[in-house]
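Please open the structure in a viewer and keep the sequence panel visible. The stops below are meant to be selected one after another.

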Amino acid sequence: MRRIITTTFIIVAISSVGLAKVDLVTLPTRDTVQLTIYNSADMTLVRESRALTLKEGKNSLQFSWENTLIDPTSLEMLPKANADKINIAELVYPPRVRNLGLWNIESGISGKVPVEITYLTSGLSWRAFYMGTLTKDEKTMRLQGYVRVTNNSGEDYENAQTRLIVGTVHVLDEIAELARRQYPYGRPEEIVPIDEIQRSKSMVLKREMVKIDMELPAPMYLGKPKEITKEGLSEYFLYTIEGTETIPTGWSKRLISFDIDQVPVVNLYKYEEERYGQNVVRFLSFKNDQEHKLGQTPIPGGVLKVYRAADEQGQLSYTGQSEFKYIPVDEDVELNLGSVADVVVEPKIMEFKTDNYRFDNRGNISGWDEIRTFTIEARNTRDIAVKIEIQRNFDSAYWNLEKSGDFDQFEKVDMDTVKFTLNLQGRSAKTFQYTVRAYRGTRQDDFRESSQ
Amino acid sequence: MLFLKADKVPITKIWTFDAAKLPWDPQQLENRNVGIPVSYRIVNDANSKLGQFALWGGKARIFQDDGHQSTIFLGEDNTNLVPVGEKMELYIGDSRDIVVTQRKMTDNQINIRRNTKEQIVLFDTDEEIVARIENFKDSPAVLTMLQHIPGQWDMEKCTLDNKDLKLGADYKKKNAGTLEFEIKLPARTEKGPAVKELKMHYHRRNVRP
């Protein structure tokens, strides 16, 4: 169904005596349209230019947003020429009429006047997703970024300049909710029935399903992919897609954002019982900087699917998938690809003892030490070199630690956490030990004295 | 109806990290950025080409010129009535290019006082907090950092990049339990993000278990 805004502008046929002096405005189709689509909120800023034919004196223009998701409180019209002679006096919302606004314009000239109409709408969205293809030795990765623009706004946008905003914008109301209001500015304590909310959610869900069905593959046959210009503005990044796009309602369009080969990556594995349980979790790590052939702009959050070159013929094997956050320029990226079995970390408690008991004046125990010795073995069963971070948490801030064995780095992360880092060659293992002495009760006094 | 139009109203951009409201360690959050709230401050006075009358409370939407004869929508916020001479702060969105990683490195009980049953009845604490602030933006920023120390306390040592900070001169006491730091962050360079490290070593006094 084609419902473009040009059909929603209606000439006011005013027959009443009181309004007989108001001149009618014929509204042509829009000349250009620009969409600025946000991904942190269901919101798009639409800016369209049209040439109105005004007559000298009072003009009136009716605007209807029936069957669209436009926020009527955001409507704004500005003359782009003869601004000093045109006064867009007011936008009124007639009572007992839904989805209708009336612009009253006083014009000092007659003839064509270019105007710019802006408004916020919901139903257009975009998201980023990525494909990573690791080389066989997993030292580098080809990283391809895509953006997918989806239009469920109820409005067809033809030849629209399309811009995407990366950033977290603060909005007070959902644009879709503002679009559904009977009165544009609402009434005090207006209550939306729960079944309506659920219905609208289910509609969104259905639309999502439709969106997946209708998603088009990347138009590789078009030859050179469109360039996406990226620039920073305030706290946001603006992606401008080259040329214009036509996105009918109900359709999605996927465009390539970047394609970079040989991004150096680190095969990082993490072990932390309190966070990941007994499993080792695999991460793919790189940095969004020039050294990694990136670093031009931040990378918007999205989903990355990682494949690995399986043979010389270019066959791929699926490695994992990770949802990741927004990555500023120069920040490290760690993509969680899930738990693995081919890198193993086995901590074993080898000794437990208590010592240094203190007694109060009634003979009860008031303080003691708990001494635990752990042996941690890390095994890399893969053919490639990996880095393993083993984080150990303690239940108290009163401890000291002695370490020995085969590890590469040690770091006190915070008052009750330490981290051991190991670099393992392919098919190798390392073992290290540590003994942690935890001070309990009045023995903590001795700990403080010894640490001062 | 348009009731106010003023061009080139001066604004101040403010980034605020409130340690009581935002997560301390982004690395503990899976796939989630910690957004630093960004606000614009506008003063309703003659210097701002305003100050004729109190500004009504309501919804404020802020746009920015994009340099391509268009604008982008920056965000919106509600404001209360702003009398002449007063300021309003409009929270427009979050910055994810300033990252604060705050960790407590020490939290020990000291100066412990016990009753005749050897039970602890009163103690002081020895606490150290380290906040690492990284600016990944390609422009400088001033981060307002709010730190909270409850109860009675003494600052043992407070440093920014190992340089001593003095209460009053270098940071403010907003109230008995809140400290305000203004951290000037240079822009990111080719070498990487601009990094500042704030350390607070303090004792909380006369804490009861």
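The tour goes from one chain to the other and ends at the nonpolar cores.

This is a predicted model, in which local features need pLDDT of at least 70, side-chain atom pairs count only at pLDDT 80 or more, and totals for chains, interfaces and linings use all residues. Residues are numbered from 1 along each chain as its sequence is written, while chains are lettered from A and ligands numbered from 1 in the order in which they are written.

**Stop 1: strand 4 of chain A**

Select residues 44-54 of chain A, which make up strand 4. Helices (H or I, at least four residues) and strands (E, at least two) are DSSP runs, numbered from the N terminus. Of the 11 residues in strand 4 of chain A, 8 are buried. A residue is buried if 20 or more other C-beta atoms lie within 10 Å of its own, exposed if 12 or fewer, and partly exposed in between, with C-beta atoms placed from the backbone.

Now add strand 3 of chain A, residues 32-38, which runs antiparallel to strand 4 of chain A and is joined to it by 6 bridges. Two strands pair if DSSP finds at least two bridges between them. These two strands form a hairpin with 5 residues between them. To find the register, pick Thr32(A), whose bridge partner in strand 4 of chain A is Ser49(A).

Then add strand 9 of chain A, residues 111-121, joined to strand 4 of chain A by 11 bridges in the antiparallel sense. Here Leu45(A) has Leu120(A) as its bridge partner.

**Stop 2: domains of chain A**

Color chain A by domain: domain 1 is 5-35 + 42-121, domain 2 is 124-172 + 197-260 and domain 3 is 343-451. These bounds come from an automatic or database domain assignment. Where domain 1 of chain A meets domain 2 of chain A, each gives 11 residues to the contact; two residues are in contact if their C-beta atoms, placed from the backbone, lie within 7 Å. On the domain 1 side, strand 3 of chain A gives the most, with 3 residues.

**Stop 3: chain B**

Show chain B alone. How many helices and strands does chain B have? There are 0 helices and 13 strands. The C-alpha atoms of chain B fill a box of roughly 75 × 45 × 35 Å along the principal axes. Of its 209 residues, 25% count as buried.

**Stop 4: where the chains meet**

Show both chains again. The contact involves 40 residues of chain B and 37 residues of chain A. On the chain B side, the elements that give two or more residues are strand 3 (58-65), strand 4 (71-79), strand 5 (87-95) and strand 6 (98-114). Strand 6 of chain B has the largest share, 9 residues.

Next select residues 168-169 of chain A, which are strand 13 and pair with strand 5 of chain B in the antiparallel sense over 2 bridges. Val169(A) stands opposite Gly93(B).

**Stop 5: nonpolar cores**

A nonpolar core is a set of buried Ala, Val, Leu, Ile, Met, Phe, Trp, Tyr and Cys residues joined through C-beta atoms within 7 Å. The largest has 112 residues, of which Ile37(A), Ile165(A), Ile388(A) and Leu143(B) touch the most other members. Center on Ile388(A): leaving out residues up to four places away in sequence, the residues it touches include Tyr269(A), Val343(A) and Leu424(A). Finally, select Ala397(A), Ala438(A), Tyr439(A) and Phe447(A), which belong to a second, separate core of 5 residues.
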